[in-house]
Amino acid sequence: TSVLQPTEARTAINTKTPEPVNDITRQMQRTQQSKQDLISAAKQAGLRANQTNGDVQVQMTQRGIVISLAGDTFFDSGSAAIKSTMARPLARLAKVLKIQQNQLAIEGHTDGQPISTMQYPDNLALSTARSEAIWRFLVKQGLDPASMGATGFGEFRPKVQPKFPHQNVPENRRVEIVILSTKPTDPSQLASVNGIAGASATVPNQAGSSADGVGANIIGQIID
């Protein structure tokens with residue numbers, strides 16, 4: 001059996017082919033960049049992004065990147081018409097969304113305060129109308145209508161669990177734009193993407209999904 005001399009051993013070590021970057025690591029890096037691009041676009045448009053009670057929250061979940069638009073920022077109370085002052089911020093977000101190749105799910109949510117008008121007989125109708133308003137806006141900005149779906153969940157998928165029925169919970173009044181992911185991911189990596197040191201990711205249950213990981217039975221994935 002031959003034995004490598006010290007100089008030969010050093011040569012063997014130095015010429016060793018480096019291992020390729022792990023695919024999951026590369027995908028997580030792209031996801032982090034997409035998240036930062038969305039946050040930057042929101043801030044450049046004058047919105048409070050990823051702050052307590054902010055206008056826009058951008059988080060990574062097992063479903064993909066979730067952009068949560070605060071209902072009170074983008075809509076008047078009881079209305080599904082996007083505020084005129086929000087057209088420019090939404091247009092900036094649309095530019096970032098347009099370069100994504102993933103399907104989008106646009107989901108409207110309300111709190112439990114009842115509504116009953118000729119136009120919106122209940123919160124389900126209002127939340128659906130708001131998600132459709134965002135869908136139409138994005139189509140006008142050049143996004144492919146076939147790549148997006150819009151739906152409403154009313155008060156039935158709260159981000160913050162109300163303490164009593166019909167409670168005024170601003171955090172629950174929102175429209176979420178989900179950049180649906182395409183590949184499996186390790187839930188433990190979500191905390192690092194979201195910048196939460198030592199945090200653990202919440203696995204969605206079969207009831208549905210929202211930005212905090214409460215919800216739908218969609219297999220955990222990340223942006224491709």
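Here are some questions and answers about this predicted model.

Q: How many helices and how many strands does the chain have?
A: Read along the sequence, the pattern goes α-α-β-β-α-α-β-α-β-β-β-α-β. Tally up the symbols and you get six helices and seven strands.

Q: What share of the 224 residues in the chain is buried?
A: A residue counts as buried when its relative accessible area is under 20%. Going by that cut-off, the buried share of the 224 residues is 45%.

Q: Among contacts between residues at least 6 apart in sequence, what share joins residues at least 24 apart?
A: Start with the contacts in the chain whose residues are at least 6 apart in sequence. Then keep the ones joining residues at least 24 apart, and the share is 70%.

Q: Is D55, the salt-bridge partner of R48, buried or exposed?
A: R48 and D55 form a salt bridge, and their closest N and O atoms are 3.1 Å apart. R48 counts as partly exposed because its relative accessibility is 38%. D55 has a relative accessible area of just 8%, and since the cut-off is under 20%, D55 is buried.

Q: Which residues are linked with R173 in a network of salt bridges?
A: R173 forms a salt bridge with D72, with the closest N and O atoms 2.7 Å apart. R173 also forms one with D111, and there the closest N and O atoms are 2.4 Å apart. Put those together and the residues linked with R173 in the network are D72 and D111.

Q: How many residues apart are R173 and D72?
A: The salt bridge between R173 and D72 has its closest N and O atoms 2.7 Å apart. This pair links distant parts of the chain: R173 is in the loop between β4 and β5, while D72 is in helix α3, and the separation is 101 residues.

Q: Which relative accessible area does D111 have?
A: D111 forms a salt bridge with R173. R173 sits in the loop between β4 and β5 and D111 in the loop between β3 and α5, so the pair ties together parts 62 residues apart in sequence. R173 is buried at 13%, and D111 is buried too, with a relative accessible area of 3%.

Q: What distance separates the end C-alpha atoms of helix α4?
A: Helix α4 has twelve residues, covering 87-98. The expected span is 1.5 Å times one less than the number of residues, so α4 should span 16 Å. The model agrees, because its end C-alpha atoms are apart by 16 Å.

Q: Which residue of β5 is the bridge partner of S68?
A: Strand β2 runs antiparallel to β5, and seven bridges join them. β3 pairs with β5 in the antiparallel sense as well, over six bridges. In β5, E107 has E176 as its bridge partner, and the partner of S68 is also E176.

Q: How many of the seven residues of β5 are buried?
A: β5 pairs with β2 over seven bridges and with β3 over six. β5 is largely enclosed by the rest of the structure, because the buried count among its seven residues is six.

Q: Where does pLDDT stay under 50?
A: For the chain, the mean pLDDT is 80, and 71% of residues reach 70 or more. Where pLDDT is low, the predicted coordinates should not be read in detail. So take care with the stretch where pLDDT stays under 50, namely residues 196-224.

Terms used:
Residues are numbered from 1 along each chain as its sequence is written. This is a predicted model: local features need pLDDT of at least 70, side-chain atom pairs count only at pLDDT 80 or more; totals for chains, interfaces and linings use all residues. Side-chain values use heavy atoms; hydrogens and water are left out. A salt bridge is a side-chain nitrogen of Lys or Arg within 4 Å of a carboxyl oxygen of Asp or Glu. Buried means under 20% relative accessible area, exposed over 50%, partly exposed in between (1.4 Å probe, protein chains only). Helices (H or I, at least four residues) and strands (E, at least two) are DSSP runs, numbered from the N terminus. Two strands pair if DSSP finds at least two bridges between them. pLDDT is the predictor's confidence in each residue, from 0 to 100. Contact means heavy atoms within 4.5 Å.
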